[in-house]
Amino acid sequence: MFDHGELRLVVLALISERPRHGYEIIKEIEDRVAGTYAPSPGVIYPTLTMLEELGHATVTESEGKKLYAITAAGTAWLDANKAAVDHALQRMQSVNSAHNGGRAPEIMRARENLKLALRLREARGPLTEQQIRDIAAALDAAATAVERS
C-alpha cells in the first residue's frame, strides 16, 4: 500500500490532526482506503516508537493506553516532506473513491465468518482426505458463485 517511508509520514500526519491511540491509527488508515488495507499492530506500534525516538511524537499513557501526539519537530518534518505526505494521502483517497467509499458490510462480515470457520476447523485437528475435498469443493463453489454475481 505504501512506498518506503510513506507509512511513517501518514501516521505522523494522522496524529497531527489530533492525538491518537495506535488502534485508532490502524482503523483510520483502514477507513481511508475503504477497508482494502489495514496495517497490523506489528507495523504501527514500531512506527510510533520510532517517531517517538526521533522526537517527532510524544506519548502519554492513561488507563494502560498510549496516546500519541505530534511535536514541533514532527510538524517541521511533515512540512519538509509535504509533497510526499500529500502524495500518500491522495493515493489513499483515490483507493477510497475507487471502492465507492467503503466495502459492503455484509460482504466483510461473511468474509470474516468464513476465515473464522476455517481457522476453527483447522484448530480441531487433522483433516481426512474426504474432509479436505469437501472443504475445497465448498470454497470452489463459493468462489464460482462470487465470480458469477
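Colleague: Happy to look at this together; in which strand is Arg 20 found?

Modeller: Glad to help: this is a predicted model, where local features need pLDDT of at least 70, side-chain atom pairs count only at pLDDT 80 or more, and totals for chains, interfaces and linings use all residues. Residues are numbered from 1 along each chain as its sequence is written, and side-chain values use heavy atoms, with hydrogens and water left out. Helices (H or I, at least four residues) and strands (E, at least two) are DSSP runs numbered from the N terminus. With residues 20-21 forming the strand, Arg 20 is found in β1.

Colleague: Is Arg 20 buried or exposed?

Modeller: Buried means under 20% relative accessible area, exposed over 50%, and partly exposed in between (1.4 Å probe, protein chains only). Arg 20 has 2% relative accessibility, so Arg 20 counts as buried.

Colleague: Which residues is Arg 20 in contact with, leaving aside its neighbours within four places in sequence?

Modeller: Contact means heavy atoms within 4.5 Å. With those neighbours left aside, the partners of Arg 20 are Leu 14, Ile 15, Ile 25, Glu 28, Arg 32, Lys 66, Leu 67 and Tyr 68.

Colleague: How do α1 and α2 pack, in angle and axis distance?

Modeller: Axes are lines fitted to C-alpha atoms, for helices over the stretch in contact, and angles run from 0 to 180 degrees between N-to-C directions. For α1 and α2, the axes are 11 Å apart and the angle is about 105°. Angles under 35 degrees count as roughly parallel, over 145 as roughly antiparallel, 65 to 115 as roughly perpendicular and the rest as oblique. That makes the arrangement of α1 and α2 roughly perpendicular.

Colleague: Which residues make that contact of α1 and α2?

Modeller: From α1 come Leu 7, Val 10, Val 11, Leu 14, Ile 15 and Glu 17. From α2 come Ile 25, Glu 28, Ile 29 and Arg 32.

Colleague: Why is α1 said to be largely enclosed by the rest of the structure?

Modeller: The buried residues of α1 are Glu 6, Leu 7, Leu 9, Val 10, Val 11, Leu 12, Ala 13, Leu 14 and Ile 15. α1 is largely enclosed because the buried share of its twelve residues is nine.

Colleague: What span should helix α5 have, at 1.5 Å a residue?

Modeller: The expected span of a helix is 1.5 Å times one less than its number of residues. Helix α5 has 17 residues (residues 82-98), and its end C-alpha atoms are 24 Å apart, which agrees with the expected 24 Å.

Colleague: Which residues of α5 are buried, and which are exposed on the other side?

Modeller: Val 85, Ala 88, Met 92, Val 95 and Asn 96 are the buried residues of α5. They cover an arc of only 105° around the axis, which puts them on the same side of α5; the arc is that of the directions from the helix axis to the C-beta atoms. On the other side of α5, the exposed residues are Ala 83 and Ala 98.

Colleague: What covers the buried residues of α5?

Modeller: The cover includes three helices: α1 (6-17), α2 (22-32) and α4 (72-80).

Colleague: Where is His 56 found, and is His 56 buried or exposed?

Modeller: His 56 is found in the loop between α3 (41-53) and β2 (57-62). Its relative accessible area is 9%, so His 56 is buried.

Colleague: What is phi of Glu 63 near?

Modeller: Most residues other than glycine have a negative phi. Glu 63 is found in the loop between β2 and β3 (65-70) and counts as exposed at 81% relative accessibility. Phi of Glu 63 is positive, near 55°.
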